[in-house]
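Open the model in your viewer and keep the selection box ready. The tour goes from stop to stop, with a selection at each one.

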Amino acid sequence: MKHTEKNTDLHMHSTASDGGYSPSELMKKCAGVGLSVVSLTDHDTMDGVEEAITAAADEGIQVIPGIEFSTKYKGISVHVLGYGLDYRDRELKRMLAEQREMRRKRLDVILEKLAAQQISLQAEDVLEFVDGGSIGRPHIAKALVKHGYVKDVAEAFQLYLAEDKPCYVAKEREMTPTEAIEWIHKTKGVAILAHPVYYGLDEYIEGWVVNDRLDGVEVYHRDHSPEDARHYEQLVEGIEQKHHVRLLRTGGSDFHHEDYGRVREPLGVTRIHNQLADLLIKEMNERK
């Protein structure tokens with residue numbers, strides 16, 4: 001793998017959470033666009049990792065085991081990416097199973113709120129999009145599209161499912177970024193703050209690095225403009241210089257499927273330099 005090439009994508013989702021393709025299908029798509037190192041980072045589950053690794057081996061692709069933890073900080077949703085975790089760890093699997101059960105209960109409450117808006121959906125209408133993985137709001141959005149209540153997933157969030165909309169339901173208990181980082185480190189992984197441009201919490205990143213040993217920042221992301229990327233490059237450099245630490249820079253497409261996200265784009269458009277993957281893998285190996 002050449003350092004100077006850009007054939008890496010460290011952020012994507014499969015049907016194990018709220019993506020549009022199975023882990024195997026997703027790896028075929030990665031091969032089709034020339035990616036050589038990828039990470040499957042499904043929301044609050046690692047159930048698709050083993051399938052992805054097996055399928056990727058046939059395609060000549062290296063898969064870094066990953067996850068994207070959903071957390072809350074000061075009432076704001078914050079996502080923390082974990083790389084290189086032991087996805088077979090029994091305690092981790094138990095905790096993630098509890099998270100899935102919490103999401104299942106939340107679905108019932110959301111369906112009640114939708115019914116109050118004269119929208120009749122059943123749990124089965126949503127679960128057909130889940131494929132055995134973790135239930136998320138995008139699955140509910142897809143059901144709303146299928147049954148003709150909205151024209152697309154974006155409208156489902158705009159009208160009903162976003163945090164300030166009538167059918168939003170917070171999870172029973174929200175994990176904090178600190179807890180997510182602890183779980184990642186406990187299972188020998190590397191903790192990275194995902195797409196920080198979403199949060200408006202830049203002043204707290206330094207604290208997560210110093211107090212919780214956050215390992216790096218997703219500087220490059222589909223929704224980060226070139227100006228955003230430069231901003232986070234400088235922010236990371238400033239923390240490194242001030243505290244004499246080494247932080248990782250990662251990035252990826254956050255691909256779910258072609259018609260998803262603030263910026264809709266096919267897989268393979270947003271990618272990062274292979275050297276960033278090499279540095280991540282080196283850090284992962286040092287923790288084993």
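In which hand does H3 pass H5? The crossing is right-handed (clockwise turn of the near helix from the far one by less than a right angle; anticlockwise would be left-handed).

Before the next selection, some ground rules. This is a predicted model, where local features need pLDDT of at least 70, side-chain atom pairs count only at pLDDT 80 or more, and totals for chains, interfaces and linings use all residues. Residues are numbered from 1 along each chain as its sequence is written, and side-chain values use heavy atoms, with hydrogens and water left out. Helices (H or I, at least four residues) and strands (E, at least two) are DSSP runs, numbered from the N terminus.

**Stop 1: the helix pair**

Select residues 90-116 for H3 and 137-146 for H5. Their axes lie 11 Å apart, at an angle of about 40°. Axes here are lines fitted to C-alpha atoms, for helices over the stretch in contact, and angles run from 0 to 180 degrees between N-to-C directions. Now show the side chains in the contact (heavy atoms within 4.5 Å). H3 brings Arg 106, Leu 107, Ile 110 and Leu 114. H5 brings Arg 137, Ile 140 and Leu 144. Five of the contact residues are nonpolar, two are charged and none is polar. In this scheme Ala, Val, Leu, Ile, Met, Phe, Trp, Tyr, Cys and Pro count as nonpolar, Asp, Glu, Lys and Arg as charged, and the others, Gly among them, as polar.

Stay on H3 and pick Lys 105. Lys 105 is partly exposed because its relative accessibility is 44% (buried is under 20% relative accessible area, exposed over 50%, partly exposed in between; 1.4 Å probe, protein chains only). Add Arg 88 and draw a C-alpha distance to Lys 105: it reads 25 Å, across 17 residues of chain.

**Stop 2: the sheet**

Select the strands. Seven of them form an open sheet with mixed pairing, in the order E1-E2-E3-E4-E5-E6-E7. E1 (8-12) and E7 (248-252) are the edges; each has a single partner strand, so one side of each has no neighbour in the sheet. Neighbouring strands are turned by 30° against each other on average, direction ignored. Two strands pair if DSSP finds at least two bridges between them.

Walk across the sheet:

- E2 (37-40) runs parallel to E3, joined by four bridges. Select Val 37 and its E3 partner, Gln 62.
- E3 (62-73) has ten of its twelve residues buried. E3 pairs with E4 (76-83) in the antiparallel sense over eight bridges. Select Ser 70 and His 79 for one bridge pair.
- Lys 74 sits in the hairpin of E3 and E4, which has two residues between the strands, and takes a positive phi near 55°.
- E4 and E5 run antiparallel over four bridges. Leu 81 is partnered by Ile 192 of E5.
- E5 and E6 (216-221) run parallel over two bridges. Ile 192 has Gly 216 as its bridge partner in E6.

Pause on E5, residues 190-193. Val 190 and Ile 192 are buried on one side, Ala 191 and Leu 193 on the other. In a regular strand the side chains alternate between the two faces of the sheet.

Next, bring in H2 (49-59). H2 lies across E2 and E3, at about 150° to E3.

**Stop 3: two loop residues**

Select Asp 44, in the loop between E2 and H2. Asp 44 is not a glycine, yet has a positive phi of about 55°. Asp 44 counts as buried, at 1% relative accessibility.

Jump to Gln 118, in the loop between H3 and H4 (123-127). Gln 118 also has a positive phi, near 60°. Is Gln 118 buried or exposed? Its relative accessible area of 68% makes Gln 118 exposed.

**Stop 4: helix H10**

Finish with residues 274-286, helix H10. These 13 residues should span 18 Å at 1.5 Å a residue (1.5 Å times one less than the number of residues). The end C-alpha atoms are 19 Å apart, which agrees. Color the buried residues: Asn 274, Leu 276, Ala 277, Leu 280, Ile 281, Glu 283 and Met 284.
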